[in-house]
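Visitor: I am new to this structure and would like a close look at a single part of it. Could you take me slowly along one run of paired strands, and then show me what lies around it and elsewhere in the chain?

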Amino acid sequence: MASSFFSEFGLMWYLKELKKDEFRKFKELLKQEPLHLGLQQIPWADVKKATREDLANLLVKHYEKQQAWDVTFVIFQKINRKDLCEKAKKEIAGHVKVYQAHVKEKFSEIWFRDSVTRIYDGFEKELIKKEHEYLKFLFAPNKTRRQTVILRGIQGVGKTTLLVRLMLAWAEGMLYQQKFSYIFYFCCRELKQLTATSLAELVCRDWSNSLTPIGEITSEPERLLFIIDGFEELKYDLNEPESDLCSNWMEQRPIRVILSSLLRKKMLPESSLLIAAVPTYPQVIEDRLECPEIKTLSGFTECERKVYFSHIFQDKSRGIKAFRFIRDNAQLFSMCQIPILCWVVCTCLKQEMEKKKDLALTCRRTTSLYSSFVLNLFTPMGASCLDKQSQGLLKGLCSLAAEGMWNDTFVFNEEDLRRNGLVDSDIPALLDAKALHKYRYNENLYKFIHVCIQEFCAALFYFVKSHTNHPNPAVGPTKALLSTYLKKEKVHWIFLGCFMFGLLNEKEKWKLDAFFGYHLCQEEIQQTFQQHLWSVSESGHLQGQVDFLALCYCLFEMENEDFVQWAMDLFQEAHFLITDKMDLMVAAYCLKHCFALRKLCFSIQNVFKEEDTHTSTSDYHLTCWHHICSVLNTNENLRELQVSDSDLQVSAFATLSDHLWNPSCRLQKLQLVCCYPRECCWGNLCDVLLCNKNLIHLDLSTNVLKSKDLKLLCKALKQPFCHLKSLCLFNCFITSDGCWDLASVLTGNPNLRNLQIGSNDIEDDGVRLLCRALLHPSCHLENLGLGACKLTSACCEDLASVLTSNRTLKTLNLMGNALDHDGVLVLCVALRHPECKLRTLGLKIAEFDEETQRLLVAEEERNPNLTIRDE
């Protein structure tokens, strides 16, 4: 700020703007506010008798000029004279400029330090232009209210790079000038090292020697943006009790409390937030944030990947050949979405092509590509294997990587390197090889260029060293590694287990032995893995902890069909959550080797595109889906299929139906829950009911079953070729009109024993129709579920007639309906009838009045064959 602004005259002018009562309050607050800023108090006797001019002199006498104004500024806020603060701001010529200069210097250095793989040409300019357009609309200029934005993206996709670009663009006056006066960037990897602090200290650190700017900064909280980068690093779920949160930005509290208070709008509620995180952060935090807007950063498009390849490969024909190779490999092509990994892939392919290697052999899977890349980093020019010095460097790097994975450490200091056998003189070689690079915020800290490289090196550690020889006891044995990976206990272990299995591939064994010049310990590791998988298959408890898709990814990397079949045959039940094309491909690869499965559970989300987007990619997805569905015909042991929370397009549903009505399908139970089949799909399902002689249970709960679709379904159910015994239509939007069709099934299908239609608007009229059918001699139903069907006591007479006349009904669920004492009394009278065969009645006794509760308890005690179930 200009020195004149802090002169006695400047202070006196602002003090004279105060009314008499405000000036008195100003003096009172002057007792404590200096202490909050870390300043000494002015003697109260002097303050008490001071005029406005005297007080201005006292402030400048006891404090430095900037400190004097900060005390004044904070007190103006406390006495609701924000207008004076805004006037003062117009005279400011320092804080914002000083901060913006700091941001330019700091983030420019980060930008260039992090430029290991950057291409400085037209491609880079196009990316910057794209990023700038993306950022412009991240916080829409026409939105005046505060915003909370969550920026999601997989690790390495460019979230931090984008945020660095944001900070630079703002500091250079190119972005958000009319929206934000200050933008503060917090790196969670650094924040988690802190203990107690205040938001004021966080904001002012690195660029101000004191907390003096905080008064001005907080004068317009609605013009503040806080960026929280790498939220998943903190492992917070923001579940602190409201009473633990803090609203005072000057108060020192644990960093967890400070951040939770900021994010949950207890502190500076008018400010905006931008939270960057990987998609695996706890979803529960979204419920604790104020109306969060979810944005996704997807990385390179296919076109951008192609352009990137053309810049890496100066030889145009080689570049085209390399891109076509990657384009045909879904796994490696997906990697290239991430800019740094696109560079890794390009670099590796270029090196292999220069050596005239067959890419189909050396870069088939992610493991083979990473092994080629890493080993090439340490192989001297023209050599075919590693020399002793290079082996030492690589082993030290692998040791460091393993320690980091077990300790959740991804930034290392020089002591960490020395502990793992890497001396100071090794660091330049590791930096030149681009195995490590300097951490963007500190010259003396280092990290792997991407966590995938660290994961690969950690996996390689177990093949070149023993965990017993590791200097850090936290590094566990191979069995513990596999167990931890398959349970998904560590959020950062994305590919570690896959790389372990991938390095067991026969071609990888040969490659490693050739590079190191001796035989590694692959056989011992494979034997350990076999023993662990066998022990998991023998324990139902351990099986329940295993992420089956994670195991499939491991087996996919290994590419050993005999081992895959052996491993798959250990399990009788498999659960898959499919969220992308790689999941689908990996599941298809493993399931074609499954012959022992009895139960298969699937959830498929965001994979199948709409029918009008017919592409080679969508065709490939359907091919993978065909391979998955073929297990219905090739596995004679499979008895149950559950498909839930899935969006199956028409072609995908048709593919499933084709395999369900195949004569080889021995499936007995089929669940299609929350799949929302298109209208044209119900005909396929009806054909399945008529053609599949083994199918006896069908669950279509939580689907929209329109009237005409219900008619079609019920028509099939009445055919003599339908062998279905159990039908569940829970929450299918069925009304009382639909009960005409359901009633016809009860009288027309002598095989049906179980009908569950709870959570539909059946109402009393619908029950009346069903009861007439239940009295028909050809109805053999044993279980009827009518929970939460909007029933009243008016239907109890109809139900009572069924209880006294139907000889087969054993279970009736009426929970969640508005029955009163009179209705329950009618039911109890029927239950006492000598011809009543009911054994289980679903009613929540605690929901009734005391008289009705006594009635139900007495009835249950009177009838030893009856159970009144409330769950």
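Guide: What follows is a walk along one run of strands, and after that a look at a surface patch, a second sheet and some charged pairs. Please keep in mind throughout that this is a predicted model.

Let us begin with strand 11, which covers residues 573-578 and runs parallel to strand 12, the two being joined by 6 bridges. Within this pairing, A574 has L600 of strand 12 as its bridge partner. To get from strand 11 to strand 12 the chain passes through helix 33, residues 581-591, and the β-α-β crossover made in this way is right-handed. Strand 12 itself spans residues 599-604, and it is mostly covered, since 5 of its 6 residues are buried.

On we go to strand 13, residues 640-644, which pairs with strand 12 in the parallel sense over 4 bridges. Here C601 finds its bridge partner in Q642 of strand 13. Strand 13 is in turn joined to strand 14 by 5 bridges, and these two strands also run parallel. In that pairing V643 has L672 of strand 14 as its bridge partner, and strand 13, helix 36 (residues 650-660) and strand 14 together make a right-handed β-α-β unit.

Strand 14 occupies residues 669-673 and, like the strand described above, is mostly covered, with 4 of its 5 residues buried. Its pairing with strand 15 is in the parallel sense and rests on 3 bridges, and within it K669 has H697 of strand 15 as its bridge partner. Between strand 14 and strand 15 the chain crosses through helix 37, residues 681-691, in a β-α-β crossover that is right-handed.

If you follow the chain beyond strand 15 (697-699), you enter the loop that leads to helix 38 (707-717), and in this loop lies V704. Together with Y676 and F733, V704 makes a nonpolar surface patch of about 300 Å². Why can V704 be part of such a patch? A residue needs over 30% relative accessible area to be counted in one, and V704 meets this because its relative accessible area is 37%, which makes it partly exposed.

Turning now to another part of the chain, you will find an open sheet of 5 strands with parallel pairing, in the order 2-4-6-1-7. Strand 2 (182-187) and strand 7 (293-296) stand at its edges, and because each has a single partner strand, one side of each is left without a neighbour in the sheet. On average, neighbouring strands of this sheet are turned by 20° against each other, direction ignored. Inside the order, strand 1 (residues 148-152) and strand 6 (residues 272-277) run parallel and are joined by 5 bridges, with V149 standing opposite L274 of strand 6.

The last topic is charge. Side chains of opposite charge can pair when their charged atoms come close. In this model the count comes to 44 salt bridges, and a few of them are worth finding on the screen.

One of them is formed by the side chains of R768 and D765, which meet at 2.9 Å, N to O. Both residues lie in helix 40 (residues 763-774), where they are 3 residues apart, about one turn of the helix. R768 is partly exposed, with a relative accessible area of 28%, and D765 is also partly exposed, with a relative accessible area of 48%.

Another salt bridge joins R832 and E859, whose closest N and O atoms are 2.8 Å apart. This pair links distant parts of the chain, 27 residues apart, for R832 lies in the loop between helix 42 (821-831) and strand 20 (840-842), while E859 lies in helix 43 (residues 850-862). R832 is partly exposed at a relative accessible area of 40%, whereas E859 counts as buried at 2% relative accessibility.

A further salt bridge is found where the side chains of E251 and R253 meet, at 3.4 Å from N to O, and here E251 counts as partly exposed at 32% relative accessibility. Finally, there is a network of salt bridges that links D237, E240, E242, R256, R264 and K266.

Key
Residues numbered from 1 in each chain as written. Predicted model: local features only at pLDDT ≥ 70, side-chain atom pairs only at ≥ 80, totals over all residues. Heavy atoms only, no water. Buried < 20%, exposed > 50% of the residue type's maximum accessible area, 1.4 Å probe, protein only. Pairing = 2+ DSSP bridges. Right-handed = clockwise from strand over helix to strand, strands pointing away. Patch = residues over 30% accessible without salt bridge, like charges linked within 9 Å, V, L, I, M, F, W, Y side chains within 5 Å. Areas by Shrake-Rupley, 256 points an atom, 1.4 Å probe, with all protein chains shown as cover. Salt bridge = Lys/Arg side-chain N within 4 Å of Asp/Glu carboxyl O. Axes fitted to C-alpha atoms, helices over the stretch in contact; angles between N-to-C directions.
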